[in-house]
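Here is a short set of exercises to work through with the model open beside you. Try each task before you read its solution.

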Amino acid sequence: MEPKSCQVFSVTRQQPELIIPARPIPREVKRLSDIADQQGLRFLMPILFFYRNNASPFMKGKDPVKVIREALSKALVFYYPLAGRLQEGPDKKLMVDCNGEGILFIEADANVTLEQLGDEINPPFPYWDEVMYDVPGSRGIIGCPLLFIQVSLFLPPAITFY
């Protein structure tokens, strides 16, 4: 399936980077609860959200990727375990090493508008493989970033004058 304009859909990505907390965080190890530590829950959960640009006056002249990057860094001060890494302790008990290494972040650009995708942004999304990037070495859960965020910027919609 191709977007409505019959244009081939592609995404160009920047190099992955780590976003770290904006300020120093407590260095500690937190054990996961028995519920969160179940063997059947040891997998990554990919989620895809689409947000339309609301063109608010607050964002005028601002780079949305820079705003998101800075907001994530500030949020990680309060949600600092997300910037850590899972490790296995005795009896394979999972723990979060709150080491502040950071979350994985990628900036990307798509060559279509959301409008060109039309109803295809609903599940099942036919362009999943083009949008979602499988960062080499990030598939496991032990020692890998706990959160991976890719911000994909789509082309702005065409302006029609009447």
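Helices (H or I, at least four residues) and strands (E, at least two) are DSSP runs, numbered from the N terminus. This is a predicted model, in which local features need pLDDT of at least 70, side-chain atom pairs count only at pLDDT 80 or more, and totals for chains, interfaces and linings use all residues. Residues are numbered from 1 along each chain as its sequence is written, and side-chain values use heavy atoms, with hydrogens and water left out.

**Exercise 1. A loop with unusual phi values**

Task: Locate Asp91 and state whether it is buried or exposed, then describe its phi.

Solution:
- Step 1. Asp91 sits in the loop between β4 and β5 (94–98).
- Step 2. Apply the accessibility classes: buried means under 20% relative accessible area, exposed over 50%, and partly exposed in between (1.4 Å probe, protein chains only). Asp91 has a relative accessible area of 81%, so it is exposed.
- Step 3. Its phi is near 60°, a positive value in a residue other than glycine. As background, most residues other than glycine have a negative phi.
- Step 4. Now look at Lys92, in the loop between β4 and β5. Its phi is near 60°, again positive in a residue other than glycine, and at 54% relative accessibility Lys92 counts as exposed.
- Step 5. For a distance check, go to Val77 in helix α1. Val77 and Asp91 are 14 residues apart in sequence, and their C-alpha atoms are 30 Å apart in space. Val77 has a relative accessible area of 11%, so it is buried.

**Exercise 2. Aromatic pairs**

Task: Find how many aromatic pairs the structure holds, and classify the pair of Phe9 and Tyr127.

Solution:
- Step 1. Set the criteria: rings of Phe, Tyr and Trp (its six-membered ring) pair if their centres lie within 6.5 Å; planes under 30 degrees apart count as stacked, over 60 as edge-to-face and the rest as tilted.
- Step 2. The structure holds 3 aromatic pairs. For Phe9 and Tyr127 the ring centres are 4.8 Å apart and the planes are at 45°, so this pair is tilted.
- Step 3. Place the two residues: Phe9 is in the segment before β1 (11–13) and Tyr127 is in the loop between α2 (114–117) and α3 (128–131), so the pair links distant parts of the chain, 118 residues apart.
- Step 4. Phe9 also pairs with Phe154, and this pair is stacked, with 6.2 Å centre to centre and 20° between the planes. Because Phe9 lies in the segment before β1 and Phe154 in the segment after β7, the pair ties together parts 145 residues apart in sequence.
- Step 5. Both Phe9 and Tyr127 are buried, with Phe9 at 6% relative accessibility. Ring pairs join Phe9, Phe125, Tyr127 and Phe154 into a cluster.

**Exercise 3. Salt bridges**

Task: Count the salt bridges in the whole structure, then say where the partners Asp97 and Arg27 lie.

Solution:
- Step 1. Use the cut-off: a salt bridge is a side-chain nitrogen of Lys or Arg within 4 Å of a carboxyl oxygen of Asp or Glu. The search finds 9 of them.
- Step 2. In the bridge between Asp97 and Arg27, the closest N and O atoms are 3.1 Å apart. Asp97 is in strand β5 and Arg27 in the loop between β2 (17–19) and β3, 70 residues apart.
- Step 3. Compare burial: Asp97 is buried at 13% relative accessible area, whereas Arg27 is exposed at 61%.
- Step 4. Arg85 and Glu101 form another salt bridge (3.5 Å, N to O). Arg85 lies in strand β4 and Glu101 in the loop between β5 and β6 (103–110), so the bridge ties together parts 16 residues apart in sequence. Arg85 is buried at 6%, while Glu101 is partly exposed at 40%.
- Step 5. Shared partners join Asp34, Asp37, Arg42, Glu88 and Lys93 into one salt-bridge network.

**Exercise 4. A residue in a strand**

Task: Work out which residues the side chain of Gln150 meets in polar contacts.

Solution:
- Step 1. Gln150 is in strand β7 (residues 148–153) and is buried, with a relative accessible area of 17%.
- Step 2. A polar contact is a pair of N or O atoms within 3.5 Å; within protein, one must be able to donate a hydrogen and the other to accept it, and residues adjacent in sequence count only if both atoms are side-chain atoms.
- Step 3. The Gln150 side chain makes such contacts with the side chains of Arg13 (3.4 Å) and Ser152 (2.9 Å).
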